[in-house]
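Biologist: Before I rely on the labels attached to this protein, I should like to hear the reasoning behind them. Could we go through them in turn?

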Amino acid sequence: MRDASSTNSTMKKPVNQCIADGAVSKCRLCFRGTCMSEKWENHQTLFEHAPKELAPLNLQRFAGEKTEKATPKKREEARKEGNVARSSELTSAVALAAILVVLRFSGTLIWNGWMSLMHTDFTMPVPSDWTSSTVTELFLMQGMEAVKLLFPVVGMALVTGGAVAVIQVRPMFVFKLLAPKFSRIQPLAGFQRLFSTHSLVEMIKSIVKLCVIGAISYFGVVQMISQIRGFTQEDVNQLPGLVGGMVFNLGMKIAALMVALAFFDFLFQRFEYEKKLRMTKQEVKDEMKQMEGNPEIKGAIRRRARQIAFRRMMEEVPKADVIVTNPTHFAVALKYDAQMMSAPTVIAKGADMLAQRLKERAASAGVPLVENRPLAQTLYKSVEVGGAVPAELYKAVAEVLAYVYRLRQMSRR
């Protein structure tokens, strides 16, 4: 009994891969150094002490992961819904930079216009007989002057902002976006959007942008103050221009920084957009099936096309001058009209059963059959239906046609 027990224990060792007597210094199941088990029965199952890293992977977990890039169809559908990658910050930043450029070249003209308008308002004599029509006329006149002065700035902002928006998303107009969405005013949905990951990322971006722009503005203002202290000896009439130039330079620095930050925001929006449009492998397969159609329907269409082509060939066989055969495996129908064709043309061909059908149709129509195995095989493999015979086969085909023409002349006699 002891020998049997010892033999049984010896047989268990390679199965459990755990040796308690120190023959193996590391347990291959526990990975805890020498196994402390004194008996093999302490391991109830083979993988009881196996680490999680050795557990079999559940590949079904990854089946629904969106790892594939969006297909053109998915992108077009998202575009129709108004779902495009765009950065509103880039539009506003470029518009601000455009406004500053306009002010750089026409700021003096606009300033002089406003000064003239204010001077007119303060120096205009007050009429003794004010009426509603007089007040209306005065407001209209002053309003038109203000519009003329602001038109270059506002116009440049609108044109630049619109151009940047169009460049980002291409020309599009989605009527669905004009329809009211009551889901946007639901408290629960709004609360979820407020504490979503997207809102957190947007908040971090806003904080970073505020800190960077605030730091640039702070150091710019400090520098301006130190420069203004040196203007004590300058003419008072020149101070507005000097201060305005410093403010403009600071504004251009801030605008350039905002454009740079907005460009990175645009790249981030593109990344998020691509990530949102990703598809699972199954979605890509389903879309391909949908685009290609049902395989059964496609098979039926192909069968229908083959039937139409076969009937058309059968209708062309009686018009052939000769049928070149293998004689059992291939059959090729040739036609040549010296006035209409530059070379003989293959108007029908077939192999095996189709070749037999062609020969039967030719026999019933009185079209001669000529056996020429090399020529039949070469024509079948190298020339499509409706194609002209290649130049290297002119001699062989001419011999066949000459033979057929001699047969016709002999039959007429």
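Modeller: The exchange below takes up helix packing, aromatic pairs and a pair of strands in what is a predicted model.

Biologist: What makes T160 count as buried or exposed?

Modeller: T160 has a relative accessible area of 13%. Buried means under 20%, so T160 is buried. The residue sits in helix α4.

Biologist: Which residues does T160 touch, leaving aside those up to four places away in sequence?

Modeller: They are V94, A95 and A98. A contact requires heavy atoms within 4.5 Å.

Biologist: Which other residues of α4 are buried, and against what do the buried residues pack?

Modeller: Among them are Q142, A146, L149, V153, G155 and A157, along with G161, V164, Q168 and V169. The partners of the buried residues of α4 are α2 (72-80), α3 (88-123) and α7 (239-277).

Biologist: Where does α4 kink?

Modeller: The kink is at L150, within a helix that covers residues 132-169. Its angle is about 50°, and the proline P152 follows shortly after. Just after the helix, R170 takes a positive phi of about 65°.

Biologist: What does UniProt list as "transmembrane region"?

Modeller: The unreviewed entry lists residues 93-114, 149-167, 207-226 and 246-268. Such annotations may be inferred rather than shown by experiment. In the model, residues 149-167 are 100% helix and 0% strand, with 29 Å between the end C-alpha atoms. Residues 207-226 are likewise 100% helix and 0% strand, and there the end C-alpha atoms are 28 Å apart.

Biologist: Why is the pair of Y218 and F219 called edge-to-face?

Modeller: Two rings pair if their centres lie within 6.5 Å, and planes over 60 degrees apart count as edge-to-face. The centres of Y218 and F219 are 5.4 Å apart and their planes stand at 75°, so both conditions are met and the pair is edge-to-face.

Biologist: Are Y218 and F219 buried or exposed?

Modeller: Exposed means over 50% relative accessible area. Y218 is at 54%, so it counts as exposed. F219 is at 57% and is therefore exposed as well.

Biologist: What is the geometry of the pair formed by F263 and F264?

Modeller: That pair is edge-to-face, with 6.2 Å centre to centre and 70° between the planes. F264 has 58% relative accessibility, so F264 counts as exposed. F263 stands at 43%, between the 20% and 50% cut-offs, and therefore counts as partly exposed. The count of aromatic pairs comes to three.

Biologist: Why is R270 called partly exposed?

Modeller: The relative accessible area of R270 is 34%. Because that value falls between 20% and 50%, R270 is partly exposed. R270 belongs to helix α7, and its C-alpha is 5.3 Å from that of A85, although 185 residues separate the two in sequence.

Biologist: How do you know that β2 and β3 pair?

Modeller: Pairing requires at least two bridges. Strand β2 (residues 330-335) and β3 are joined by six bridges in the antiparallel sense, so the requirement is met. One of the links is from A333 to A348 in β3.

Biologist: How many residues of β3 are buried?

Modeller: Six of the seven residues in β3 (residues 345-351) are buried, and the strand is mostly covered.

Biologist: What makes K349 lie over the face of Y380?

Modeller: The distance limit is 6 Å from the ring centre, and K349 lies at 4.9 Å from that of Y380.

Terms used:
Residues numbered from 1 in each chain as written. Predicted model: local features only at pLDDT ≥ 70, side-chain atom pairs only at ≥ 80, totals over all residues. Heavy atoms only, no water. Bend = angle between axes of the 7 residues up to and from the residue. Helix = DSSP H or I, 4+ residues; strand = E, 2+ residues; numbered from the N terminus. Buried < 20%, exposed > 50% of the residue type's maximum accessible area, 1.4 Å probe, protein only. Phe/Tyr/Trp six-rings, centres within 6.5 Å; stacked < 30°, edge-to-face > 60°. Lys NZ or Arg CZ within 6 Å of the ring centre and 35° of its normal.
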